[in-house]
Amino acid sequence: MNEQRQQAYLDLIERLLNCPSGEEPEVLQANQDLLDAEFLLMLEAVAENFSLQGV
């Protein structure tokens, strides 16, 4: 996974976390090019990090 793609995944996760409730499908629809197995791995890593931080 290259650094630019990794940052794009993190940006998408940030947008999903901060968008108004119910707008997640629109955010995902607008970023379909980022929805792949590597995104899921990044999502899992972010969730694990939050868990370790007690968030």
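**Group meeting: a three-helix chain**

Let me begin with Arg5, which is partly exposed, with a relative accessible area of 25%. I should say at once that what we have here is a predicted model, and that what I say about Arg5 and every other residue today is computed from that model.

Arg5 is worth starting from for its partner, since the side chains of Arg5 and Asp36 come together in a salt bridge, with 2.8 Å from N to O. Asp36 is also partly exposed, at a relative accessible area of 27%. As for where the two partners sit, Arg5 belongs to helix 1, residues 3–18, while Asp36 is in the loop between helix 2 and helix 3 (37–53), so the pair ties together parts that are 31 residues apart in sequence. The count of salt bridges comes to one.

Now let me step back to the whole chain. The protein chain has three helices and zero strands, and read from the N terminus its elements run α-α-α. Taken along the principal axes, the C-alpha atoms fill a box of roughly 30 × 30 × 15 Å. Of the 55 residues in the chain, 20% are buried, and the accessible surface comes to about 4100 Å², with 52% of that surface belonging to carbon and sulfur atoms. If we consider contacts between residues at least 6 apart in sequence, 60% of them join residues at least 24 apart.

That brings me to the interior. In soluble globular proteins, nonpolar side chains tend to be buried together. In this model, the largest nonpolar core has 10 residues, namely Tyr9, Leu12, Ile13, Leu16, Cys19, Val27, Leu34, Phe39, Met42 and Val46. Helix 1 and helix 3 are the elements that give two or more residues to this core, and the largest share, four residues, comes from helix 1.

Within that list, which rings form the aromatic pair, and how are their planes set? The count of such pairs is one. The rings are those of Tyr9 and Phe39, and with centres 5.9 Å apart and planes at 55°, the pair is tilted, because only an angle over 60 degrees would count as edge-to-face and only one under 30 as stacked. The pair links distant parts of the chain, with Tyr9 in helix 1 and Phe39 in helix 3, 30 residues apart. Both partners are covered: Tyr9 is buried with a relative accessible area of 0%, and Phe39 is buried with a relative accessible area of 5%.

Another residue of the core, Ile13, shows how the contacts are distributed, for if we leave aside residues up to four places away in sequence, Ile13 touches Phe39, Met42, Leu43 and Val46. Val46, in turn, lies in helix 3 and counts as buried at 16% relative accessibility, because the limit for that class is under 20%. With the same kind of sequence neighbours left out, Val46 touches Leu10 and Ile13. Val46 and Leu10 are 36 residues apart in sequence, yet their C-alpha atoms are 8.4 Å apart in space.

Let me turn next to a polar residue, Asn31, which is found in the loop between helix 2 and helix 3. Is Asn31 buried or exposed? Asn31 is buried, with a relative accessible area of 10%. The side chain of Asn31 reaches the backbone oxygen of Val27 at 2.7 Å, and Val27 is one of the residues of the nonpolar core already listed. Not counting residues up to four places away in sequence, Asn31 touches Leu12 and Arg15, and Leu12 is likewise among the core residues.

Finally, Gln29 offers a contrast in exposure. Gln29 is placed in helix 2, residues 24–30, and Gln29 is exposed, with a relative accessible area of 54%. The side chains of Gln29 and Gln32 are joined by a polar contact of 3.2 Å. Gln29 and Leu41 are 12 residues apart in sequence, and from C-alpha to C-alpha they are 19 Å apart in space.

To draw this together, the picture is of a chain with three helices and zero strands, in which a core of 10 residues includes Tyr9 and Phe39, while the salt bridge is made by the side chains of Arg5 and Asp36.

Terms used. Residues are numbered from 1 along each chain as its sequence is written. This is a predicted model: local features need pLDDT of at least 70, side-chain atom pairs count only at pLDDT 80 or more; totals for chains, interfaces and linings use all residues. Side-chain values use heavy atoms; hydrogens and water are left out. Buried means under 20% relative accessible area, exposed over 50%, partly exposed in between (1.4 Å probe, protein chains only). A polar contact is a pair of N or O atoms within 3.5 Å; within protein, one must be able to donate a hydrogen and the other to accept it, and residues adjacent in sequence count only if both atoms are side-chain atoms. A salt bridge is a side-chain nitrogen of Lys or Arg within 4 Å of a carboxyl oxygen of Asp or Glu. Contact means heavy atoms within 4.5 Å. Accessible areas come from the Shrake-Rupley method with a 1.4 Å probe; for residues, only the protein chains shown count as cover. Rings of Phe, Tyr and Trp (its six-membered ring) pair if their centres lie within 6.5 Å; planes under 30 degrees apart count as stacked, over 60 as edge-to-face and the rest as tilted. A nonpolar core is a set of buried Ala, Val, Leu, Ile, Met, Phe, Trp, Tyr and Cys residues joined through side-chain atoms within 4.5 Å.
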